[in-house]
Amino acid sequence: MSTFRSTRVILRQAQARVLVVGSGRMGHIRARALYGNPRIQLCGIVDKNIRQAKALSELYRTPLFASLEEAISSTATTQLPLDGVVISTPTPTHESLITEAAQNNLSIFTEKPVDENAHKTSSLFQTCNNQNVNLCCGYQRRFDSSYQALFHQVNSGAIGTPLAASIFFGDHPVPSRQFLLQGGANIISDCSAHDVDFIRWVLQDEVVSVYAVGTSSDDELREKNVIDNATMLLKFSRGTNVTLTLSRGANYGYDQRCEVFGTEGMAAVNNIAENSSELANESGLHRPKWQHSFPQRFEVAFAQEMDAFADTLLCGTPWPIKETDCVEVQRVCDAALESCETSQVVHL
């Protein structure tokens, strides 16, 4: 036997054992990222909609459970306990799922927002703190390389003192009419949180007042009081004014832009096209549309989020988004909804 073979040590990387709760669009995105991460073992899909969840569990060859209680009970019989859960379900379900996971000593990653208002958000963080488990909320822009670059440009002083910012959120594809008319969330509550979190992080400052207006793009939506376009004006404590424009109707692709203007320059995040091709002919220059939607635009960021969750579970690395961040973002969103309803500036 060679010296190499007799002294070789095979090291196995530790894996975090994680469940995904929810088998909708975000559940698929999270399961894919977890399954592809060598530091994580995907231990099951949890969803009461068994028919929908079955395809996802079979795709990644992982068990299917109808409830979180069933999943925890089943895995408790193994020698390797669970470490955490990823909650990718509608916001109204977060409170009960986070509470149940915390009571079973499982750390939690949840889609934004943690809950429907700032008070409930604080309460859930307290529940997790009492159980000594992590509550990690996903704001994916912080994990995207373009948005990270803008953060460093602004905070290195490259643009001087930030004076104003302009953010545009154009959703694509346009949600179905059924979604909008039968419970589709107000665009402010559904779509503004990621950008509110990001601009707070970039400016390292807090919003002191909010003014918001909304509109409906056709008569049917107007009759049902469905707001599918909105503009928010955020004033920060050090004087920076931020305009955030939101629309459900970017029919040319997923449109996500951010510009921060300062005393010595401007930093921006621009869109990414479906591919880098370009056609030039006698009728002009022709380029592809922007990427289709958020799964494509933020695919890498979603994977980075799950890798950061593995850091938290395996290494005890603090989650970068704190309770204060989640609460303040929710306060701003709550204030924007109030302003939209009252046509008044809301001071925080």
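**Helix α6 and the strand pairings of a predicted model**

Me: In this predicted model, how do you know that the span of helix α6 agrees with 1.5 Å a residue?
Reply: Helix α6 covers residues 118-131, which is 14 residues, and at 1.5 Å a residue these should span 20 Å. The expected span is 1.5 Å times one less than the number of residues. The end C-alpha atoms of α6 are 20 Å apart, so the two values agree.

Me: What makes residues of α6 count as buried, and which are they?
Reply: A residue is buried when its relative accessible area is under 20%. In α6 this description applies to A118, T121, L124, F125 and C128.

Me: Why are the buried residues of α6 said to line one face of the helix?
Reply: Viewed down the axis of α6, the buried residues fall within an arc of 125 degrees, so they line one face. The face turned away from them carries H119 and N130, which are exposed, that is, over 50% in relative accessible area.

Me: What covers the buried residues of α6?
Reply: The cover includes α5, β5, β6 and α14 (323-342), where contact requires heavy atoms within 4.5 Å.

Me: What makes the approach of N117 to H119 at the start of α6 a polar contact?
Reply: A side-chain oxygen of N117 lies within 3.1 Å of the backbone nitrogen of H119. The cut-off for such a pair of N or O atoms is 3.5 Å, so the distance satisfies it. After α6 comes N132, with a positive phi near 60 degrees.

Me: How do you know that β4 and β5 are paired?
Reply: Pairing requires at least two bridges. Strands β4 (residues 84-87) and β5 (residues 107-111) are joined by 4 bridges and run parallel, so the requirement is met. Within this pairing, S107 in β5 is the bridge partner of G84.

Me: Why is one side of β3 and of β6 left without a neighbour in the sheet?
Reply: The open sheet has 6 strands in the order β3-β2-β1-β4-β5-β6, with parallel pairing. β3 (64-65) and β6 (135-138) stand at its edges with a single partner strand each, so one side of each has no neighbour in the sheet. Helix α5 (residues 94-103) packs on this sheet, touching β1 (16-21), β4, β5 and β6, and its direction makes about 165 degrees with that of β5.

Me: What makes the pairing of β10 with β7 parallel or antiparallel, and what of β9?
Reply: Strand β10 (residues 241-247) pairs with β7 (residues 162-170) in the parallel sense over 7 bridges, and I167 has L244 as its bridge partner. With β9 (residues 229-236), β10 pairs in the antiparallel sense over 7 bridges, where L233 stands opposite T243.

Methods: Residues are numbered from 1 along each chain as its sequence is written. This is a predicted model: local features need pLDDT of at least 70, side-chain atom pairs count only at pLDDT 80 or more; totals for chains, interfaces and linings use all residues. Side-chain values use heavy atoms; hydrogens and water are left out. Helices (H or I, at least four residues) and strands (E, at least two) are DSSP runs, numbered from the N terminus. Axes are lines fitted to C-alpha atoms, for helices over the stretch in contact, and angles run from 0 to 180 degrees between N-to-C directions. Buried means under 20% relative accessible area, exposed over 50%, partly exposed in between (1.4 Å probe, protein chains only). The arc is that of the directions from the helix axis to the C-beta atoms. A polar contact is a pair of N or O atoms within 3.5 Å; within protein, one must be able to donate a hydrogen and the other to accept it, and residues adjacent in sequence count only if both atoms are side-chain atoms.
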